[in-house]
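These are my notebook entries on a structure that I had not examined before. I set down what I looked up, topic by topic.

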Amino acid sequence: MCENCTTFRKGLFAHRLLIETGVDGLYGRGGVFEDVIHRFDNLITSFGGADGAEVVRFPPGMNRALFEKSGYLKSFPNLAGTIHAFNGNDKDHAALLEKLFAGEDWTYGQEATDIVLAPAACYPLYPTVAQLGALPEDGRLYDLQSYCFRREPSQDPARQQFFRMREYVRIGSPEQVTEFRQTWLDRGRELIAKLGVPFDVDVANDPFFGRAGRMLANNQRDQKLKFELLVPIESTEKPTACLSFNYHQDHFGTLWGISQHDGETAHTACVGFGMERVALALFKHHGFEVEKWPSPVRKALWG
Ligand code: AMP
Ligand code: ZN
């Protein structure tokens, strides 16, 4: 190990894989890091590409009114990020600059815009699917990728505030979406096995906020609605979720009014790949120099 790599995080900075910005969880990415992400993205497509998903890409912001309706603030008020902006006149501008130069809080006058930051790649999707009318008989399948925001600053490089999530989202009958989830549970294992990192798949829950959240989390676990594929990155005792497999039942179908071809409420499921986390798992287990990674791993990514 080189002298600057006393911790995994420091090693990532020293090798210009991640670039420090002064904010925990907000990093630049170096070319080699991006190349690994790109190769992993292609590996995902090699598993899911033949399913014929419609490719949709949203920017990392979403319609605030739709976000309010989504219920995210009920469950995760602490993770949400909103976009506020200056909306004043010359006088307000002068006041802002005065505060700024005095080192005082200049942000109090910022007003909410109609955009918030997307907390997951699939959140902006559901309302747009509802607009298309009832589902065709075989439901719908989407391929998404977006930068997502969650306000969880941390020194753990695998817990970022801006990170990318690739997702496949299935919308259809309960049978269609549970079969989709099972397929991806199997594919996810196969895919990560190719990368030569240790992993485990386990039942999980989302980090619902507050006392009411504990009940939601227990319910989610009892019903096995969420599974995660975990890889040890920062700690071996607490491995990191790199892939998630979520079954939302009819939650989003009811919320957004999405119906199946027969008029029943649609069920939804998604598989989410934490792109940075998988890249970090590779650097953690195979080292900072991609040229030295085991040849089966190099073959899986670079062909
Ligand atoms: P979730 O919607 O919480 O299941 O997240 C989907 C995937 O995004 C997870 O399996 C992680 O791989 C990834 N992810 C979630 N939160 C973060 C974070 N703070 N930093 C990096 N990746 C994350
Ligand atoms: Zn999702």
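**Entry 1: the open sheet**

I began with a single pairing: Gly61 has Leu117 in E6 as its bridge partner. I note at the outset that the model is a predicted one.

I then looked up the strands that carry this pair. E4 and strand E6, residues 111-117, pair in the antiparallel sense, and three bridges join them. I placed both in an open sheet of three strands, whose order is E4-E6-E5 and whose pairing is antiparallel. The edges of this sheet are strand E4 (61-63) and strand E5 (82-85); each has a single partner strand, so one side of each is left without a neighbour in the sheet. From one strand to the next, the twist averages 50°.

**Entry 2: strand E10 and its partners**

I next asked how many of the residues of strand E10 are buried. Six of the six residues in this strand, residues 226-231, are buried, so strand E10 is largely enclosed by the rest of the structure. I checked the two faces separately. Lys226, Glu228 and Leu230 are buried on one side, and Phe227, Leu229 and Val231 are buried on the other, so that both faces of E10 are covered.

I looked up the pairing of E10 as well. Strand E9 (residues 200-203) runs antiparallel to E10, and four bridges join the two. Within that pairing, Val203 has Phe227 of E10 as its bridge partner. E10 also pairs with strand E11 (residues 240-249), in the antiparallel sense and over six bridges. There, the bridge partner of Glu228 is Ser244 in E11.

**Entry 3: the zinc ion**

Which residues coordinate the zinc ion (ligand 2)? I found Cys122 (SG), Glu167 (OE) and Cys270 (SG), at 2.1 to 2.4 Å. Along the sequence, the spacing of these donor residues is C-x44-E-x102-C. The two cysteines link distant parts of the chain, as they are 148 residues apart: Cys122 is in the loop between E6 and helix H6 (125-130), while Cys270 is in strand E12 (residues 267-274). I recorded that Cys122 and Cys270 are both buried.

**Entry 4: salt bridges**

I searched the whole structure for salt bridges, and 15 were found. I examined three of them individually.

The first that I took up joins the side chains of Glu276 and Arg29, at 3.0 Å from N to O. This pair links distant parts of the chain, 247 residues apart, with Glu276 in helix H10 (residues 275-286) and Arg29 in strand E2 (residues 27-29). Are these two residues buried or exposed? Glu276 counts as buried, at 2% relative accessibility. Arg29 is likewise buried, with a relative accessible area of 16%; the cut-off for buried is under 20%.

The next is formed by the side chains of Asp143 and Arg166, at 2.9 Å from N to O. Asp143 lies in strand E7 (residues 140-149) and Arg166 in strand E8 (residues 162-172), so the salt bridge ties together parts that are 23 residues apart in sequence. I found Asp143 buried, with a relative accessible area of 7%, and Arg166 buried, with a value of 1%.

The last of my three is between Lys292 and Glu289, whose closest N and O atoms are 3.1 Å apart. Here Lys292 counts as exposed at 60% relative accessibility, whereas Glu289 is partly exposed at 36%. I also looked for salt bridges that share partners, and such bridges join Arg29, Glu34, Arg164 and Glu276 into one network.

**Entry 5: Glu34**

I followed one member of that network, Glu34, which is found in helix H2 (residues 31-48). Its relative accessibility is 29%, so Glu34 counts as partly exposed. I also compared its position with that of Leu66: the two residues are 32 residues apart in sequence, and their C-alpha atoms are 31 Å apart in space.

**Entry 6: a nonpolar patch**

Finally, I turned to the surface. Leu100, Phe101 and Trp106 make a nonpolar surface patch of about 340 Å². Of these, I looked up Leu100 in detail. Leu100 belongs to helix H5 (residues 90-101), and its relative accessible area of 38% makes it partly exposed.

Notes: Residues numbered from 1 in each chain as written. Chains lettered and ligands numbered in written order. Predicted model: local features only at pLDDT ≥ 70, side-chain atom pairs only at ≥ 80, totals over all residues. Heavy atoms only, no water. Pairing = 2+ DSSP bridges. Axes fitted to C-alpha atoms, helices over the stretch in contact; angles between N-to-C directions. Patch = residues over 30% accessible without salt bridge, like charges linked within 9 Å, V, L, I, M, F, W, Y side chains within 5 Å. Areas by Shrake-Rupley, 256 points an atom, 1.4 Å probe, with all protein chains shown as cover. Salt bridge = Lys/Arg side-chain N within 4 Å of Asp/Glu carboxyl O. Buried < 20%, exposed > 50% of the residue type's maximum accessible area, 1.4 Å probe, protein only. Donors = N, O, S within 2.8 Å, 3.2 Å for Na, K, Ca; no water.
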